[in-house]
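Me: Can you walk me through this one? Short answers are fine.

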Amino acid sequence: MENLTQVVAIDQAVCTGCRRCAEVCPVDAIIGAEGQPQSIDTSKCVICGQCVLACSAFVSPFDDVAENLPAMRKERGLDADDQSLLFAAHFRSDIKRVSALLSDPAKKSMVQCAPAVRTSIAEEYGLAPGTLTPGQLAASLRRLGFDAVYDTIFAADVTIMEESSELLQRIESGGPLPMFTSCCPGWVRYMETAWPDLTEHLSSCKSPQQMAGALFKTYGAEIAGVGPESIASVAVMPCTAKKHEAARPEMQASGVPDVDAVLTVTELAAMLKAKNIDLTAMPEEEFDVPMGLYSGAGVIFGATGGVMEAALRTAIAVTTGKDVSESGVKFFPAGEGIHRASVDVAGKNFRAVVVSGLANAAPLLEDVRAGKADFDFMEVMCCPGGCVAGGGQPKLLPGVDRADAIAKRRGGLHRHDKELPVRASHKNESVVALYEKYLGEPLGHRSHELLHTHYGDKCGGH
Amino acid sequence: MSSRLNSFILASAAKCIGCRACELACGAAHVQGGVSVGSLQGSIAPRLYLTRVEEICVPVGCRHCEDAPCAAVCPNGAIQRTDSGVLVDEEYCVGCKTCLAACPVGAMEMAQIWKDGRPALRKVVDPQNSDTFILEPALLASKCDLCHERENGPACVEACPKDALILVDPMKVKKRRNIEAALALAGVDTRTDFRSGEER
């Protein structure tokens, strides 16, 4: 993925210097004086896009700069006559890349959507936050022209298989512990830029997006009867950092990029509207098998604490032989954005921490660095609340109760989890079949090649 | 709202950080849509204007003048003082811009006006075929309407993260000033600091 511009940037000609973006930046990467245009320190930026959500400095039709709108749109990768509002803080549009992939007759197109997309995209059609539209989302993607409508949640289930096995292996072999989740690219980038000495604590698992991408171009390519180079792999994410993650040079399990292009929720909605596809008027359709089948455990990856709960469901079932729909493990508040729990798994006491909001992770990392960590496994989500609050989610208007909207999106995911027939990752039939037919076993040779990576090698600017 | 004097929206330059949330909320309040920017149907044309002069930035908008020059100069009678303030009736506006020139604070703009989810249209000669007309969005007088049809009142006031905007009821302000002056005469200092915009 060459010639790509910076993923998140601030347009100096539009920024008014109100610095509300600096208030939400978890890594103090916004530089500039009050009242002056701001810029981003790309060596620190984790590309979470919270600045993009907070920014209200837009180009009004009455501004002098409005005369340059066509040129400004072009610079952002948009069509010259695109009608969307331009804000100072923005992310790179990949709509044109996806359109090109979809119209390439030589490519079989495969798409995946992150869990949190189906609880928020209806907002772009005027509906309330938390309105669940998984079936309409699948139908809309099919109308857009994707040959296979798969799902990131399937890969989240695979992540649970791999990550829980890795954790057990680390506990048995003595480390490195505590282990950290690695599904959030903002968090991974924060580790790589700010805590490079601790990156070995990150799980070696690729994120669900990258696992799905790697499987599309191998397992999926086999199913489609084509080679990996003939597959267009597109991801729809509530996240801006996923655009950067997809472009990491090591994320090429099949020799070509696992994921060719990443759309945010707002970009997908804009693409659908441009094709006159009304998501809310679509019939409810199923995602395609095998990689579109998912469990409730994978669904809740999109909300803080979800990865932990999903892992616990499988860990408790596998170690006790007792199938549970919910782990029943209660997490208690332990400071700003931190929840803790202690649970006995296979006769061993296991201490878990869930962190919501990157800025809240630092004290825990200090403990790890000092060798004083009092926990075994830590889930971190960069955006406060999890992916439901990601930088690629619908941008809420000023005056809208943001906390309430995020709570409703989270509520939507938990409702979806409860209504699904299968609620644990290891019970997902497609996941079972994937291991039987293709991967062998978690942490096996093929898993290692396709689904795991090494973090910490790449950092610097973006 | 006092029926004798019009209310208006006043901004505190000392509190304003220039974020333009007021302009965005204003523009959004005058088109159809939901909670997100992407849900807005139609072009966003704010009815108050963040204005910068050197170090100062503050939004400027309509004062809903009692003897409104915009209404006085309108050749078509499209601007009227009502119980909800000075309002433009787009049905009668022809876009002559006399109001824009007459307004002492620059509150008037010419913008696409959205009615019932559609822009107000004008007829122009089809550039491809001079025998026919085409319809295109017209630019018509656009100004603050105090969000009089909005349940929660003015969207700009609600959206400001710094509470720099207030909906002023002139009669209330006047009566409070009377009381403060009376107390001041008695040696008690209770003046409102206008620069901070605090209402006491």
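What follows covers the contact between two chains, then one helix.

Reply: This is a predicted model, where local features need pLDDT of at least 70, side-chain atom pairs count only at pLDDT 80 or more, and totals for chains, interfaces and linings use all residues. Residues are numbered from 1 along each chain as its sequence is written, chains are lettered from A in the order in which they are written, and side-chain values use heavy atoms, with hydrogens and water left out.

Me: How many residues does each chain put into the contact?
Reply: Chain B gives 29 residues and chain A gives 27. Contact means heavy atoms within 4.5 Å.

Me: And what area do chain B and chain A bury between them?
Reply: About 2200 Å², with 66% of it on carbon and sulfur atoms. Buried area is the accessible area (1.4 Å probe) that two parts lose on being put together, summed over both.

Me: How many salt bridges between chain B and chain A?
Reply: The count is 2. In one of them, E23(A) pairs with K162(B), with the closest N and O atoms 3.9 Å apart. The criterion is a side-chain nitrogen of Lys or Arg within 4 Å of a carboxyl oxygen of Asp or Glu.

Me: Which element gives the largest share of chain B's side?
Reply: α1(B), with 5 residues. Helices (H or I, at least four residues) and strands (E, at least two) are DSSP runs, numbered from the N terminus.

Me: New topic. How many residues of α10(A) are buried?
Reply: 7 of the 10 in this helix, residues 265-274. Buried means under 20% relative accessible area (1.4 Å probe, protein chains only). Among them are V265(A), L268(A) and L272(A).

Me: What covers them?
Reply: The cover includes α5 (134-144) and β8 (231-237) of chain A.

Terms used. Buried means under 20% relative accessible area, exposed over 50%, partly exposed in between (1.4 Å probe, protein chains only).
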